[in-house]
Amino acid sequence: MGDNLAASGADDELARLLAVQAGQLLLALRDEKGYADPAALRAGGDRAAHEYLIDALARYRPADAVLSEESGTEWRRRDGRVWIVDPLDGTREFAEQGRSDWAVHVARWERGRPMAGAVALPARGEVLTTGDAHRPTPSGGKLRMAVSRSRPPAFTGELAGALDAETRPMGSAGVKIASVVLGETDLYVHAGGQYEWDSAAPVAVALDAGLHASRIDGSPLVYNRDGAWLPDLVVCHRRDADHVLAEIDRIVRGERGMNRCE
């Protein structure tokens, strides 16, 4: 990585480089350690990628705040420039032989707006970055919906039925959003609660690619808030957003009605 990145405003390039290099570190660690002790591999991967990203950001963007899954909110500065990173999104998949559905997230947000972001898919040799001018094309047929392979909530099952959507199980949140950006699926909805680092980078990339990204009630996704909890989100093509949000609203209102009757 060239020192010119420290002086330039090329945060897209810096996000890409950091995500790619953290991913290469994770691939090397996985090759070295193997899969005999998945818990140790997951912990070691999280720690190694976190330390690399924190050290690199301290070197190249020393005035910026950092929010990371591994360090929590201790380095966040309210309303300023903040890098939101997930050193290893999809630790379960990372520690399973043959799985490629895990990611590295690096994003910069400022005053509620995404300024730069990169999602590396190291085991696939791919990286998505803001500024790539990538524009996914809707399938034109039955909607394809990215869902969790290990913890599919009842909500998304009901939504898939309402939309007559085909479900595509896969691993990490970053991979699911990346699948929409890459045109492999048409939407991803999560209503079970996540943290900001789970989606900040992929949402930045999705918005830059011209996709719709919001809370499930249609309100904007806002990052660098008090705490790091982000209850829900939806990412889809803009042409489908009104229909998807309307079906979500119908399901949510129905659930509230049932709760009142219990």
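In this predicted model, Ser172 touches Asp89, Gly90, Glu93, Asp101, Trp102 and Ala103, when residues up to four places away in sequence are not counted. Ser172 itself sits in the loop between strand β7 (166-170) and helix α6 (173-181). Because its relative accessibility is 5%, below the limit of 20%, this serine counts as buried. One of the residues it touches also forms a polar contact with it: the side chains of Ser172 and Asp89 meet at 2.8 Å.

Another residue touched by Ser172 is Trp102, and this tryptophan leads to the aromatic pairs, of which the structure holds four. The ring centres of Phe94 and Trp102 are 5.0 Å apart and their planes stand at 75°; since an angle over 60 degrees defines the class, the pair is edge-to-face. Both Phe94 and Trp102 are buried.

A stacked arrangement is found in the pair formed by Tyr195 and Trp197, with 5.1 Å from centre to centre and 15° between the planes. The two partners fall into separate accessibility classes: Tyr195 is partly exposed, at a relative accessible area of 37%, whereas Trp197 is buried, at 8%. Ring pairs extend this arrangement to Trp229, so that Tyr195, Trp197 and Trp229 are linked into a cluster.

A further tryptophan, Trp109, belongs to strand β3 (residues 103-110). Trp109 is buried, with a relative accessible area of 1%. Its C-alpha atom is separated by 6.4 Å from that of Trp83, although the two residues are 26 apart along the chain. Leaving aside neighbours within four places in sequence, the contacts of Trp109 include Gly80, Arg81, Val82 and Ile84. Pro114 and Met115 are also among them, as are Ala200, Val203, Ala204, Leu221 and Tyr223. With Ala200 there is in addition a polar contact, in which the side chain of Trp109 reaches the backbone oxygen of Ala200 at 3.3 Å.

Attention now turns to His190, which is located in strand β8 (residues 187-190). Its relative accessible area is 19%, and because the limit for burial is 20%, His190 is classed as buried. A polar atom of the His190 side chain lies 3.4 Å from the backbone nitrogen of Gly192. Beyond four places in sequence, His190 touches Ile216, Pro231, Asp232 and Leu233.

The last element to consider is helix α5, which spans residues 154-163. Its buried residues are Phe155, Thr156, Leu159, Ala160 and Leu163. Viewed down the axis of α5, these buried residues fall within an arc of 135°, and they therefore line one face of the helix. Ala154 and Gly161, on the other side of α5, are exposed. Following the helix comes Asp164, whose phi is positive, near 55°.

Technical notes:
Residues numbered from 1 in each chain as written. Predicted model: local features only at pLDDT ≥ 70, side-chain atom pairs only at ≥ 80, totals over all residues. Heavy atoms only, no water. Phe/Tyr/Trp six-rings, centres within 6.5 Å; stacked < 30°, edge-to-face > 60°. Buried < 20%, exposed > 50% of the residue type's maximum accessible area, 1.4 Å probe, protein only. Helix = DSSP H or I, 4+ residues; strand = E, 2+ residues; numbered from the N terminus. Arc of directions from axis to C-beta. Polar contact = N/O pair within 3.5 Å; in protein donor to acceptor, adjacent residues only side chain to side chain. Contact = heavy atoms within 4.5 Å.
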